[in-house]
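Student: I have a model open and want to learn how to read it. Where do we start?

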Amino acid sequence: MKKSFLLIAALAFSTVAAMAQDENNSSWTKAGYVGLKFTQASFTNWAPGGDNAFAGDVQFTYQADYKEGENLWQNRIELGYGASHTSGDRGYQNMSKTSDKIYLHSNYGRKINEKETLFLSAFLSFETQFANAFDDDDETGGRKLVSQFMAPGYLSAGVGITWLPTKFLNVIFTPATWRSTFVTHPDLREDYGVLDGKKAIDEIGANLNVSVNYDIIKNVNVYSRVNFFADYYRIEDKKSHFKDIDISWDIQLNFTINKWLSALVSTSLVYDDDTKIDEIKSKVQFKEMLALGLQYNF
């Protein structure tokens, strides 16, 4: 666990250091935004009924890529937190999360062809959430904890090939990849496949990461990132099926109205055979969000 935290700290430091480089250096390509999106509904003597509600969402995304000579260094950070507050007959209820993400990724490569499209590379990535999340407990009628900071957390590192066929497409294939799923809260470990009293599970396998960052038309940008991971142990144990491949797919469609206003449509799809959903494994998880509000692009 200590080694995992040291790797996370190293990744965070390298990402921040990359983003602090000289803006005038033409070898760097940088882009990002910070936004505040919100929705609100209020009812007074409304015959069909309804609960007053307010929801807010804060996002920060920044990408800094360096490419010069034989060197390639790609860095991306995504932070987001959203919550909703709903009132009913009993007054305002506890706030519920609508989004929560910490994502750090860094990839370094050395050119291996003259066209500068193939790089021998190594990556390090980390993902978790900021705060506690709760769900309804059918047995007690109350609320139960389902996740929190570092429960779960995902730390991955791999060595392989980065392919850059175009400016908007990025493919990273690492046939030698280590991934650790760690859960710091003991009551949540079985829900994420961490068994036998362990605090984390380590896997060795192959990873494929494909990302697209493209301006469809002026002021409309789409960012899509899909990640596939296959554990070699399951393949060698002759138990490997398509359901054993872990998949995560994020899409962000950003509509820039002006420098300060924007609309965002985002979706997230996750499939992990180790994660229990309603006491049953192997369910596809899906989240969708539509938001309008303030956003500053830089």
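Tutor: Start with contacts. Two residues are in contact when heavy atoms lie within 4.5 Å. One caution: this model is predicted.

Student: Among contacts between residues at least 6 apart in sequence, what share join residues at least 24 apart?

Tutor: That share is 57% in this protein.

Student: How many helices and strands are there?

Tutor: The protein has two helices and 17 strands.

Student: What percentage of the residues is buried?

Tutor: Buried means under 20% relative accessible area. By that cut-off, 41% of the 298 residues are buried. The accessible surface of the protein comes to about 17,200 Å². Carbon and sulfur atoms account for 59% of that surface.

Student: Let me try single residues. Is Ser-121 buried or exposed?

Tutor: Ser-121 counts as buried because its relative accessibility is 3%. Ser-121 sits in strand E6. Now look at what Ser-121 touches, leaving out residues up to four places away in sequence. The list includes Asn-107, Tyr-108 and Gly-109. It also includes Gly-158, Val-159, Gly-160, Ile-161 and Thr-162. Ile-172 is another of the residues that Ser-121 touches.

Student: What does the side chain of Asn-207 make a polar contact with?

Tutor: A polar contact pairs N or O atoms within 3.5 Å. Here the side chain of Asn-207 pairs with the side chain of Asn-227 at 3.0 Å. Asn-207 belongs to strand E11. With 7% relative accessibility, Asn-207 counts as buried. Beyond four places in sequence, Asn-207 touches several residues, among them Phe-123, Phe-173, Phe-228 and Phe-229.

Student: Which side chain does Ser-99 join in a polar contact?

Tutor: The side chain of Asp-57, at 2.3 Å. Ser-99 and Asp-57 are 42 residues apart in sequence, yet their C-alpha atoms are 7.4 Å apart. Ser-99 lies in strand E5. Ser-99 counts as buried, at 11% relative accessibility. Other contacts of Ser-99 include Gly-80, Tyr-81, Gly-82 and Lys-287.

Student: How far apart are the C-alpha atoms of Thr-267 and Met-289?

Tutor: They are separated by 6.4 Å, with their positions 22 residues apart along the chain counted as the separation. Thr-267 is part of strand E14. Outside its neighbours up to four places away, Thr-267 touches Trp-249, Asp-250 and Ile-251, and also Phe-286, Lys-287 and Glu-288.

Student: Now the backbone. What is the usual pattern?

Tutor: Most residues other than glycine have a negative phi, and most peptide bonds are trans. So look for departures from that pattern.

Student: Which peptide bond is cis?

Tutor: The bond from Ala-151 to Pro-152 is cis, with omega near 5°. Pro-152 lies in the loop between strand E8 and strand E9. Met-150 is in the loop between E8 and E9 too. Met-150 has a positive phi of about 65°, although it is not a glycine. Its relative accessibility is 8%, so Met-150 counts as buried.

Student: What is the phi of Glu-116?

Tutor: Positive, about 60°, and Glu-116 is not a glycine. Glu-116 sits in the loop between E5 and strand E6. At 30% relative accessibility, Glu-116 counts as partly exposed.

Student: How do I read the empty spaces?

Tutor: Separate two kinds. A probe fits in a cavity but cannot get out, while a pocket is open.

Student: How many cavities of 30 Å³ or more does a search of the whole structure find?

Tutor: One. The cavity has a volume of about 290 Å³. Its lining has 21 residues, with Gln-59, Lys-101, Gln-252, Ser-266 and Met-289 nearest the centre. Elements giving two or more residues to this lining include strands E2, E3, E5 and E13. Strands E14 and E17 are also among them. By class, the lining has six nonpolar, eight polar and seven charged residues.

Student: And a pocket? What is the volume of the second largest pocket?

Tutor: About 1,200 Å³. Of its 41 lining residues, Thr-29, Ala-31, Gln-63, Asp-65 and Asn-213 are closest to the centre. Strand E11 gives the largest share of the lining, six residues. The lining has 14 nonpolar, 20 polar and seven charged residues.

How values were computed
Residues are numbered from 1 along each chain as its sequence is written. This is a predicted model: local features need pLDDT of at least 70, side-chain atom pairs count only at pLDDT 80 or more; totals for chains, interfaces and linings use all residues. Side-chain values use heavy atoms; hydrogens and water are left out. On a 1 Å grid over the protein atoms alone, a cavity is a set of points where a 1.4 Å probe fits but cannot get out, and a pocket is an open set with protein on both sides within 12 Å along at least five of seven lines; lining residues have an atom within 4 Å of a point. Grid points are joined across faces, edges and corners, and a volume is the space filled by probe spheres set on the points. Helices (H or I, at least four residues) and strands (E, at least two) are DSSP runs, numbered from the N terminus. Ala, Val, Leu, Ile, Met, Phe, Trp, Tyr, Cys and Pro count as nonpolar, Asp, Glu, Lys and Arg as charged, and the others, Gly among them, as polar. Buried means under 20% relative accessible area, exposed over 50%, partly exposed in between (1.4 Å probe, protein chains only). Accessible areas come from the Shrake-Rupley method with a 1.4 Å probe; for residues, only the protein chains shown count as cover. A polar contact is a pair of N or O atoms within 3.5 Å; within protein, one must be able to donate a hydrogen and the other to accept it, and residues adjacent in sequence count only if both atoms are side-chain atoms.
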